[in-house]
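Thanks for coming. I will take one structure and go through it from single residues up to the whole chain. Please have it open in front of you.

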Amino acid sequence: MNNNTKKLTLMALILMIFTSVFGFANMPRSFLLMGYAAIPWYIISAIAFFIPYAFIMAEYGSAFKKESGGIYSWMEGSIGPKYAFIGTFMWYASYIVWMVNVASSIWIPLSNAFFGKDLTSTWSLLGLNSTQTLGILGALWIIFVTFISTKGIEKITKITSVGGTFIAILNVVLIIGAIVVFALNGGEFSEPITNGAKAFFVSPNPDYQSILQILSFVTFAIFAFGGLEVLGGLVDQTEDAERNFPKAIIVSALVISVGYAIGIFACGVFTNWNDVLSSQDVNLSNVAYVLMNNFGVQIGNAMGLSEIVSLQIGIWVARFVGLSMLLALSGAFFTLTYSPLKTLISGAPKEIWPGKIGEIKNGMPINAMRVQAVIVIFIILLVSFGGKGAKEFFRVLVLMTNVAMTIPYLFLAGAFPKFKKKQLEGKVPKAYEFYKSYGASIFVAVIICIIVGFANIFTIIEPAMSGKTFDTIMMLAGPISFSVVALILYSIYEKKYKNN
């Protein structure tokens, strides 16, 4: 049998990395927070985080390519089972927070798909305000998805590929549409570039003016490069990996960082920040739809169409965006309801799970999924009934998600020097190597941990410095609670294991 059959070519690998990492919603969100000033932070994050971290994932994946436990196997083989369990548990916990965010905000693309705009701020059930109403709907969504998922979801997950295609089209529409608007408007930008380079360093958003506020944005930039864990399993599937893999990572990093930069810049071509995004009704969860609705209006205006026709174009663009995001998020939600949980349960020792939580029935961790649903619903109701308006509610959810999703990077980067030391001692197999020495592994691990660590610290403490203590508490509560649970579970397991 030829070992080169069905190997990934350089171009195929670049496309896989791009589709795994590049996210459409990151561009409108970044433009809302920082305007053009978001662009330098994306470039810095690509150079200081994305490329070095991608090579770490490549080394892990190639060395442990025969292991089926994913990141659990990587950390267990590098440091040990306790570190691996806590790190993987925190990785899983990040998806819990992701589910809290998406379950509460998935109604925004639904509203856009049907009405062409976000009407969720006007929704009310049983006299509850809109934030509480979205919390109740989010809880019902979790119950529905969990019930369906435990019955088998092979057909439903096909939605993901359809949604992914629509999102890819959106990226093309954004950039080409911006060029068309720019040309039709005689080379004028809706968000003017005043005072030369200052526009690329000073945000139009009054909430992102101080050094602390600006540095907290780094978490958004790092989060935009998330999804790199998938790269680890691709090294041994790549044709001429020694030559093609580093090329693919560098080319992908350039394409993704330049793509984000162009996308953010394109937002300013057809969107004036003060006119469109300064409203209290615009938040991190609906900004993509508001911005693309405005895109449709600006296309109509630039073509000299009537105001009514231009507004209708905006509504239909927003409907397309809403449908695309709804399909993509729904498909991802059904998959992520069981996939990370199954990885955690399959990777960790069976004895670590109390009662019947660790049981797998028909390939699904049904009991664990039910416990997971209760936890997610509890957090949704806690945040939604915490007395926040819709804008603050979604801001807290997005910040919680960004912090939670980047914490596993610290565990994986932190384990890398130990991994490299074992590899140099012959205790871990040598396969693909980018970092040749122990010193290089320490240097890159320290740099990544400093960048991710400080970005999260700034994100967490900035609200407290502005008097928004609840926001800081919620961002800390998730990681601390889940790390305590992980330590308790492993401590109980250790005592039982030693006694037996």
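Valine 444 is buried, because its relative accessible area is 7%, and buried means under 20%. This valine sits in helix α17, residues 438-465. I should say at once that the model is predicted, and every value I quote is computed from it. What does valine 444 touch, leaving out residues up to four places away in sequence? The list is Pro52, Ile56, Phe416 and Tyr435. For one of these, phenylalanine 416, there is also a distance: the C-alpha atoms of valine 444 and phenylalanine 416 are separated by 8.9 Å, with their positions 28 residues apart along the chain.

Next, phenylalanine 225. You will find it in the loop between α10 (218-224) and α11 (241-270). Is this loop residue buried or exposed? Phenylalanine 225 counts as buried, because its relative accessibility is 0%. Beyond four places in sequence, phenylalanine 225 touches Val21, Tyr42, Ser45, Ala46, Phe49, Phe50, Ile256, Ser257 and Tyr260. Take Phe50 from that list: phenylalanine 225 and phenylalanine 50 are 175 residues apart along the chain, and their C-alpha atoms are separated by 6.4 Å.

A third buried residue is valine 376, at 1% relative accessibility. Its place is in helix α15, residues 366-384. Setting aside neighbours within four places in sequence, valine 376 is in contact with Ile96, Met99, Val100 and Ile142. Isoleucine 450 is another matter: 74 residues along the chain from valine 376, with 30 Å between the two C-alpha atoms.

Now a residue at the other end of the scale. Leucine 126 counts as exposed, since its relative accessibility is 87% and the cut-off for exposed is over 50%. This leucine lies in the loop between α6 and α7 (130-149). Most residues other than glycine have a negative phi. Leucine 126 is not a glycine, yet its phi is positive, about 55°.

There is a positive phi at a glycine as well. Glycine 35, which follows α2, has a phi near 65°. That brings us to helix α2 itself, residues 26-34. How many of the residues of α2 are buried? Nine of its nine are, so α2 is mostly covered. Among them are Arg29, Phe31 and Leu32.

On to how helices pack. Two packed helices are described by the angle between their axes and the distance between the axes. For α2 and helix α3, residues 38-63, the axes come within 9 Å and cross at roughly 125°. The two helices are therefore oblique to each other. On the α2 side of this contact are Asn26, Ser30 and Met34, and on the α3 side Ala38, Trp41 and Tyr42. By type, the contact of α2 with α3 has four nonpolar residues, two polar and no charged.

The second pair is helix α5, residues 81-105, with helix α6, residues 107-115. Their axes are 5 Å apart and the angle is about 30°. That makes α5 roughly parallel to α6, because angles under 35 degrees count as such. Ala103, Ser104 and Ser105 of α5 make the contact with Trp107, Ile108 and Pro109 of α6. Here the residues divide into four nonpolar, two polar and no charged.

Stepping back to the whole chain. The secondary structure comes to 18 helices and zero strands. The radius of gyration is 23 Å, close to the 23 Å that the globule rule gives for 500 residues, so the chain is as compact as a globular protein of that length. Along the principal axes, the C-alpha atoms fill a box of roughly 75 × 55 × 50 Å. Of the 500 residues, 54% are buried. Taking contacts between residues at least 6 apart in sequence, 80% join residues at least 24 apart.

Last, confidence. The chain averages a pLDDT of 82, and 91% of the residues score at least 70. Which elements have the lowest and the highest mean pLDDT? Helix α1, residues 10-21, has the lowest at 76, and α2 the highest at 91. Over residues 1-5 pLDDT stays under 50, and the model has zero contacts for them beyond four places in sequence.

Key
Residues numbered from 1 in each chain as written. Predicted model: local features only at pLDDT ≥ 70, side-chain atom pairs only at ≥ 80, totals over all residues. Heavy atoms only, no water. Axes fitted to C-alpha atoms, helices over the stretch in contact; angles between N-to-C directions. Helix = DSSP H or I, 4+ residues; strand = E, 2+ residues; numbered from the N terminus. Parallel < 35°, antiparallel > 145°, perpendicular 65-115°, else oblique. Contact = heavy atoms within 4.5 Å. Nonpolar A, V, L, I, M, F, W, Y, C, P; charged D, E, K, R; others polar. pLDDT = per-residue confidence, 0-100. Rg over C-alpha atoms; globule rule 2.2 N^0.38 Å. Buried < 20%, exposed > 50% of the residue type's maximum accessible area, 1.4 Å probe, protein only.
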